[in-house]
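The following exercises are to be worked with the sequence and the coordinates at hand. Each task is followed by a solution in steps.

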Amino acid sequence: MINQDFVRQTTGFYQPGKGGSTIWRSLHTDPPLVIGLVLLGCFGLFVLYSASDGDSNLVRRQGLLMLVGLLVMFVVAQFNVHFYRRWSPSMYAAGLGLLGLVLAIGTEENGAKSWLNLPGLPSFQPSELMKFVVPMLLAWYLASRPLPPRFKHLFWAALMILLPAALIVLQNDTGTAIMVFMSGVFVVLLAGIKWRIVFSGFIALMLVSPAWYLFLAQEHQKNRILTFFDPYRDPTGAGYNIIQSQIAIGSGGIYGKGYGNGAQSHLDFIPESNTDFIMAVLAEEFGLLGILFLICLYLFVLVRGFYIAYTAKDMFSRLLAGSITLTFFFYVFVNMAMVSGLLPVIGLPLPLISRGGTSVITMFVGFGLLMSIHTHGLRNRS
Amino acid sequence: MNGKWQLKDHEAERQLFNRRLTAAGIVVGLLFAALIAKLVNLQVQQYEYFSARADGNRLHSQYVPPARGLIFDRSGELLADNQPIFNLTVVKEQVPDMEAMLERLSGMISLTADDIEQFENRLRRNRVPYTSVPLRYVLSDEEKSRIAVNGHLLPGVAIEPQFVRRYPLADLTAHAVGYVSEINREELDRLSDEERENYGGTNHIGKSGIERTYEELLHGRVGYEIVEKNNRGQVMRRLDRTDPVAGRNITLHMDAELQIAAEEALGDFRGAVVAIDPNTGGILAMISKPGFDPNLFVTGISNKDYSVLVNDRINTPLFDRTTNPYPPGSTLKPFIGMGGLQHEFVDYDFSIQDPGYFRLPGVAYRWGDYTLRTAIGGGHGRTNLQKAIYQSCDTFFYDLGHRMGIDTMHDFLSQFGFGDNFALDISYARTGVLPSRDWKRESRGEPWYPGDTINSSIGQGYMWATPLQLATAAAIMANKGKVVQPRMLKAVDGKPVEPENNNPVPDLVVQDEDYWRYIHESMTMVVHRPYSDVFRDYGTAFEAIAMADRDMPYKMAGKSGTAQVVGISQDILSSTDIEVSDLNKDHGLFISFAPALHDAIKPQIAIAVFVENGEHGSSVAGPIAKAITDKYLLDILKLDFDVLDAEAESMNQLISQAADD
């Protein structure tokens with residue numbers, strides 16, 4: 001199947017072959033992205049060391065995980081992005097199958113039944129795969145259709161998004177479901193869905209949400225919403241986390257209390273200080289300046305991601321690169337907003353800073369795809 | 001090429017995508033801006049607030065209780081010290097389910113319903129949140145280790161060391177030294193705000209005796225420390241500390257050895273002994289028997305133990321017999337006799353012919369002689385003041401009292417401390433009753449009858465005095481009128497101090513100094529009369545004291561008394577219990593000072609002995625006073641009367657030589 005997209009290239013906006021980037025290109029590596037990620041990772045390990053009260057074993061494990069992630073990223077980047085495009089429907093189908101399998105024989109961990117133990121394979125979470133398979137499929141689907149997408153295409157696109165999201169919700173893993181959902185939605189948004197539809201969808205959501213709150217929401221979800229509006233309605237219970245993390249952030253001030261001096265974190269007032277709430281530790285010890293530094297690092301990676309999406313040579317690559325970048329941003333923003341009290345508490349880690357397992361690898365897969373998009377196209381041209 | 005593909009305009013789509021990407025970039029920028037605005041709000045605008053909150057989270061100011069001052073006797077023996085114990089304490093706010101926790105604890109250590117009740121009382125008291133409250137005192141080593149092993153099951157429960165009061169002499173100092181016990185609601189309310197602050201770390205307060213009187217000296221000043229706690233309330237670091245100022249160590253005039261001797265001398269009797277050093281007013285011994293173990297009160301006496309103490313209506317161990325009044329009986333006679341001399345109702349030559357009774361002019365009623373009520377009848381015969389004192393002739397004093405009148409008697413006796421509390425630091429002592437016309441009118445609304453004077457003149461009727469007052473009066477008598485006010489406190493931190501005196505008393509001055517010698521002689525004859533074959537040479541004190549110890553190296557002046565039992569409730573009186581029927585017996589009293597009539601040494605000890613239901617002052621209470629005096633003069637002061645007598649002898653020779661020249 002020959003695609004027009006594949007043949008038509010960008011219109012000379014990008015100036016290839018400048019400087020000494022040819023070696024990197026042949027290695028399918030994007031140095032700015034790698035530098036940004038490595039800096040973020042190192043900063044993350046540095047903060048984690050303090051947040052974990054100097055648990056060097058834990059930090060070493062996390063460092064190892066990041067190295068594995070980088071390796072995965074390089075491996076992923078070696079394949080041409082169109083290889084992934086071709087295989088995306090198959091991968092999607094396989095992913096759905098695995099999700100079904102999880103529902104049948106999956107194992108539970110931390111309240112979510114999302115793990116799969118298949119003989120001969122390490123245990124893994126199929127829902128993580130869907131974080132990049134879903135945008136891939138949507139990019140594949142929408143790129144080959146006229147843009148902005150028509151209504152019937154949107155209908156199918158919605159189905160492609162909602163099916164895996166629903167399966168993941170059934171696994172009781174709302175956080176991942178939201179990420180999968182958003183990664184698909186970003187593709188649709190970037191594909192040029194009419195603003196009218198976006199806004200009416202948004203308004204519909206607004207109208208439906210009270211009904212959801214009244215009839216469908218579970219007790220702990222209602223609690224989170226109420227706590228978001230008033231953390232002090234239960235300061236030692238539901239509101240404890242957000243109150244303590246705000247105290248940590250606020251008491252950090254502009255310059256912070258200094259590395260290792262965060263009383264809130266070292267006296268265990270901050271819950272989940274290694275994972276979801278690690279930003280509170282950072283904010284307490286390094287202050288506003290520390291947070292701004294972290295935001296700058298993230299912005300550097302994001303800008304690079306936007307640049308790759310902008311310079312990508314076909315619509316599939318663009319949509320995929322844009323979605324990966326925006327999903328990364330979504331992670332960062334939701335976590336930071338949640339910890340500082342701008343959003344209700346949703347259990348999402350801070351990418352590359354929080355201690356965490358599979359989601360780190362998934363993220364590096366995403367960056368691997370970005371590098372693949374950026375490097376293979378050029379070679380193809382020259 | 002079908003229609004679907006023809007519709008694709010790649011350039012337009014790319015531009016659409018770029019517009020969307022730009023829009024996304026703007027949204028990303030806006031959201032980051034919102035995030036930064038929120039962070040600026042938290043970290044810059046609300047920095048002060050959150051900084052204070054963070055400190056409030058981790059920093060806790062806690063009290064450091066001061067060590068309570070020690071109490072020593074005059075020779076440095078400990079009367080009250082502090083001993084470490086280990087308590088089980090609970091921080092209520094950290095216990096998720098108090099009932100379940102108590103249940104679990106009672107499986108590990110002994111925890112009575114009483115303990116739990118007292119614990120709940122403590123929780124109800126006004127207290128600072130997140131402070132630990134004792135649940136059980138004095139954990140055994142085994143209990144300690146059981147709690148330690150199960151620590152993880154017991155959030156909010158801790159073992160805290162504490163210093164608590166210990167009274168080595170136990171029962172012997174229960175009333176005089178008193179005891180400390182847990183502060184109760186009323187005591188907390190009584191404290192001023194500043195004082196309450198000072199008691200922030202203290203569980204105990206002096207409840208009685210010296211512990212209460214000198215609470216301020218003994219308590220010390222509370223210290224503070226600022227500690228950093230983690231979210232489970234564990235102390236991680238001490239950041240700042242203001243050391244507490246320990247209470248002052250105080251030394252009493254009391255002599256532990258003499259206190260023990262007094263207790264032994266009382267034997268199986270209930271009663272009281274007060275011994276005073278007439279030179280200083282220092283109280284050498286002060287004991288009420290039976291006592292109780294004050295150590296029980298320190299860590300909270302159990303209801304069972306307490307009800308045993310309260311319900312013992314025969315022994316009434318909680319009742320302080322040294323500071324509660326009884327009719328002084330004939331022990332009052334030397335003082336009234338002195339008043340007679342001073343106000344010239346009698347002189348050395350005055351005597352009466354005693355028929356054995358007294359009649360008021362124009363009244364048929366005969367006031368009998370108590371000394372003679374068991375004798376065959378008849379009187380003491382020709383009796384002067386001296387004989388009236390050593391034979392304890394009631395008729396003489398009926399006559400003297402009648403002629404003096406109650407007002408003169410009242411005014412004179414008040415100079416010895418009757419009806420008043422001369423003691424400087426025993427404010428809880430009762431004043432007894434020194435009756436007068438005014439007193440009777442005010443308290444009873446009745447006029448004074450001549451017969452009231454007759455009863456008063458032999459220390460009966462309305463006359464009531466405490467053993468402490470009797471000892472005080474004996475000391476003033478021994479001092480020949482120089483008033484020394486009784487005191488417990490001798491020194492603070494080793495430096496001698498004079499207790500605060502809100503009621504200074506002038507010395508008692510009489511017309512003729514020789515009166516003192518005369519009364520001293522009379523009182524000495526109570527104890528040391530030479531053996532006489534004279535029929536009806538009444539008085540048994542000398543038989544029980546001087547005749548029982550013919551080698552007695554010093555002279556003791558004394559006076560016995562017998563007080564009728566008043567005010568026993570009918571159910572006790574009608575009891576068939578032998579021990580209870582004893583309660584109807586008279587109380588025996590004896591006052592004394594020694595050495596008496598010695599030219600080389602002044603009296604060193606004045607004593608009042610009260611023997612409850614002892615029947616006889618002279619034969620029961622007298623020997624007790626003698627034993628205590630022996631102990632003090634011979635064992636404790638180690639006076640060598642051979643040397644002293646020789647000294648007196650040579651002094652007298654010098655004086656007589658001087659007189660001859």
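**Exercise 1. Backbone outliers and their surroundings**

Task: For Glu344(B) in this predicted model, decide whether the residue is buried or exposed, and locate the residue within chain B.

Solution. Step 1: count the neighbours; 9 other C-beta atoms lie within 10 Å of Glu344(B). Step 2: apply the cut-off, under which a residue with 12 or fewer such atoms is exposed. Glu344(B) is therefore exposed. Step 3: locate the residue, which belongs to the loop between α14 and β13 (351-354) of chain B. Step 4: inspect the backbone, where phi of Glu344(B) is positive, about 60°, although the residue is not a glycine. As a general background, most residues other than glycine have a negative phi.

Task: Carry out the analysis for Thr316(B), and state what its phi is near.

Solution. Step 1: phi of Thr316(B) is near 30°, again a positive value in a residue other than glycine. Step 2: the loop that holds Thr316(B) runs between α13 (303-311) and α14 (333-342) of chain B. Step 3: 17 other C-beta atoms are found within 10 Å of Thr316(B). Since buried requires 20 or more and exposed 12 or fewer, Thr316(B) is classed as partly exposed.

**Exercise 2. Cis peptide bonds**

Task: Which residue is joined to Pro290(B) by a cis peptide bond, and which residue is joined in this way to Pro595(B)?

Solution. Step 1: Lys289(B) is the partner of Pro290(B), with omega of about -5°. Pro290(B) is placed in the loop between β12 (283-289) and α12 (295-298) of chain B. Step 2: Ala594(B) is the partner of Pro595(B), with omega of about -10°. Pro595(B) is situated in the loop between β20 (587-594) and β21 (605-612) of chain B.

**Exercise 3. A sheet of chain B**

Task: In what order do the 3 strands of the open sheet containing β1, β8 and β9 of chain B occur, and why is one side of each edge strand left without a neighbour?

Solution. Step 1: the order is β1-β8-β9, with antiparallel pairing. Step 2: β1 (59-64) and β9 (235-242) of chain B are at the edges and have a single partner strand each, so one side of each has no neighbour in the sheet. Step 3: from one strand to the next, the twist averages 30°. Step 4: β1(B) and β8 (residues 223-229) of chain B are joined by 6 bridges, and Val64(B) is opposite Gly223(B) in β8(B).

**Exercise 4. A helix pair of chain A**

Task: Classify the packing of α6 (residues 126-143) and α7 (residues 151-170) of chain A.

Solution. Step 1: the angle is about 175° and the axes are 11 Å apart. Step 2: angles over 145 degrees count as roughly antiparallel, so α6(A) is roughly antiparallel to α7(A). Step 3: the contact includes Met130(A), Leu137(A) and Tyr141(A) of α6(A) as well as Trp156(A), Met160(A) and Ile168(A) of α7(A). Step 4: by class, the contact residues are 12 nonpolar, 2 polar and no charged.

**Exercise 5. The interface between the chains**

Task: How many residues of each chain are in contact with the other?

Solution. Step 1: 40 residues of chain A are in contact with 36 residues of chain B. Step 2: among the elements of chain A that each supply at least two residues are α8 (174-190), α13 (278-311) and α14 (315-340). Step 3: the side of chain A that touches chain B comprises 26 nonpolar, 11 polar and 3 charged residues.

Note on methods
Residues numbered from 1 in each chain as written. Chains lettered and ligands numbered in written order. Predicted model: local features only at pLDDT ≥ 70, side-chain atom pairs only at ≥ 80, totals over all residues. Contact = placed C-beta atoms within 7 Å. Helix = DSSP H or I, 4+ residues; strand = E, 2+ residues; numbered from the N terminus. Nonpolar A, V, L, I, M, F, W, Y, C, P; charged D, E, K, R; others polar. Pairing = 2+ DSSP bridges. Axes fitted to C-alpha atoms, helices over the stretch in contact; angles between N-to-C directions. Parallel < 35°, antiparallel > 145°, perpendicular 65-115°, else oblique.
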